[in-house]
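Here's a quick, friendly tour for anyone opening this one up for the first time. Have a look, and then we'll walk through a few spots together.

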Amino acid sequence: MTHKSTNPEDYQRIEAIAAVMLKNYPAAYHVELHQHERGQLVYATSGIIELSSENQWWLIPPRSAIWIPANTSHQMVTKTDVTLNTLYIDTQRWNKVFPNQPHYVEVSSLLHELLIRAATFSLHYTLNSLEYKIMDLLVEELTWTTGITLILPTSLMDKRLQRLCQIVIQHPSHHYTLQELSLEVGSSTRNLTRLFKKELKTNFSLWQQQLKIMQAIPHLIAGKPVSQIADELGYGSQSTFCSMFKKIMGKTPMAYVAWANQRS
C-alpha cells in the first residue's frame, strides 16, 4: 500500500464520498477539542479510547464505535495504545438517515472487515469502482445501537451540579449519597434530584453506577482481577460489583472481557 495521509483535514473536502483513515496512537495521547466538516465514525480496531463532547462522555472499548455528526466538537484520550480506523462521510450524498447527535454504532464482523479493507483505499476512487462499491456496503452496514453515554454538566449549568459531578469523578472508590453531597455543594437533596433530571436527563444513582462502569472497563480489558477492581471502586464484595456490572452492560465482567477479546 502506498503512503496514505494520517491528517484528518485531508479527508474533509475530497471528491470521494467516504474514506477511512488508519492511524496509531500511544497510550495517554490527547486530541484537543475540535470538529470536522464531515461526519465520522470513530472506531478502534485495538485499544480503548475515551471520547467526549462539550457535555457527553463515552468509553469506547474494542469493537465498539461512536458516530460523530459533522461540525460536532469533540476530544479524545487514549487509555491504551490504540489503532483507529476513522471513517469520514459526506452524509449529504447518501440515501441514508444519520443521527444528528453522537451515537453508538454496532460493529458487526462484516463492518469490522470492511473498515480494515477500506483503510487501504486511496483517497481518490471513481464512481462504480470496486472501492466505491465496498464503501457503499460499508456505509449501509452502519447500525445505530445503545451504550453508556455519560452526560456531564457544562459551564452553563448550575455550579452546584458541576461541583457534585467533579467530586464523584475524582473519588471513584466512594459510594456517595445525595444527602452527603448536598452538604458538600450547599444544596438540598430535592434540588439536586431536580437538577439531575432536568440537566443530565437521569437520576444520580444511575449516573454514578454508569461512571463506575466506565472507570472499570479499561482495567478489566487490561486483565486486572475483578476482585481488585471491585475493591478499588468501593464495592463491599466482588458479587455486588458483578451484579451491578451485568445490570448495566448485560454481561458479567468476565463474559464482557471474553466478548471484547474475541472481537478485538
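Which side chain meets that of Asp90 in a salt bridge? It's Arg93, with an N to O distance of 3.6 Å. Keep in mind that this is a predicted model.

Arg93 also pairs up with Glu15 in a salt bridge, where the closest N and O atoms are 3.7 Å apart. Arg93 sits in the loop between β8 and β9, while Glu15 belongs to the segment before β1, so the pair ties together parts that are 78 residues apart in sequence. Glu15, Asp90 and Arg93 are thus linked in a network of salt bridges. As for solvent, Arg93 is partly exposed at 39% relative accessible area, and Glu15 is exposed at 61%.

A search of the whole structure turns up 6 salt bridges, including these:

| Salt bridge | N to O distance |
|---|---|
| Arg93 and Glu15 | 3.7 Å |
| Arg93 and Asp90 | 3.6 Å |
| Asp158 and Arg160 | 2.8 Å |

Arg160, from that last row, is partly exposed, with a relative accessible area of 30%.

Now over to Asn85, which is part of strand β8. Asn85 is buried, with just 3% relative accessible area. Among the residues Asn85 touches are Val20, Leu41, Tyr43 and Leu115. A polar atom of the Asn85 side chain lies 3.1 Å from the backbone oxygen of Leu115.

What about disulfides? The structure holds 0 of them. Cys165 is buried, at 2% relative accessible area, whereas Cys242 is partly exposed, at 21%.

How values were computed
Residues are numbered from 1 along each chain as its sequence is written. This is a predicted model: local features need pLDDT of at least 70, side-chain atom pairs count only at pLDDT 80 or more; totals for chains, interfaces and linings use all residues. Side-chain values use heavy atoms; hydrogens and water are left out. Helices (H or I, at least four residues) and strands (E, at least two) are DSSP runs, numbered from the N terminus. Buried means under 20% relative accessible area, exposed over 50%, partly exposed in between (1.4 Å probe, protein chains only). Contact means heavy atoms within 4.5 Å. A polar contact is a pair of N or O atoms within 3.5 Å; within protein, one must be able to donate a hydrogen and the other to accept it, and residues adjacent in sequence count only if both atoms are side-chain atoms. A disulfide is a pair of cysteine sulfur atoms within 2.5 Å. A salt bridge is a side-chain nitrogen of Lys or Arg within 4 Å of a carboxyl oxygen of Asp or Glu. Lists of a residue's contacts leave out its neighbours within four places in sequence.
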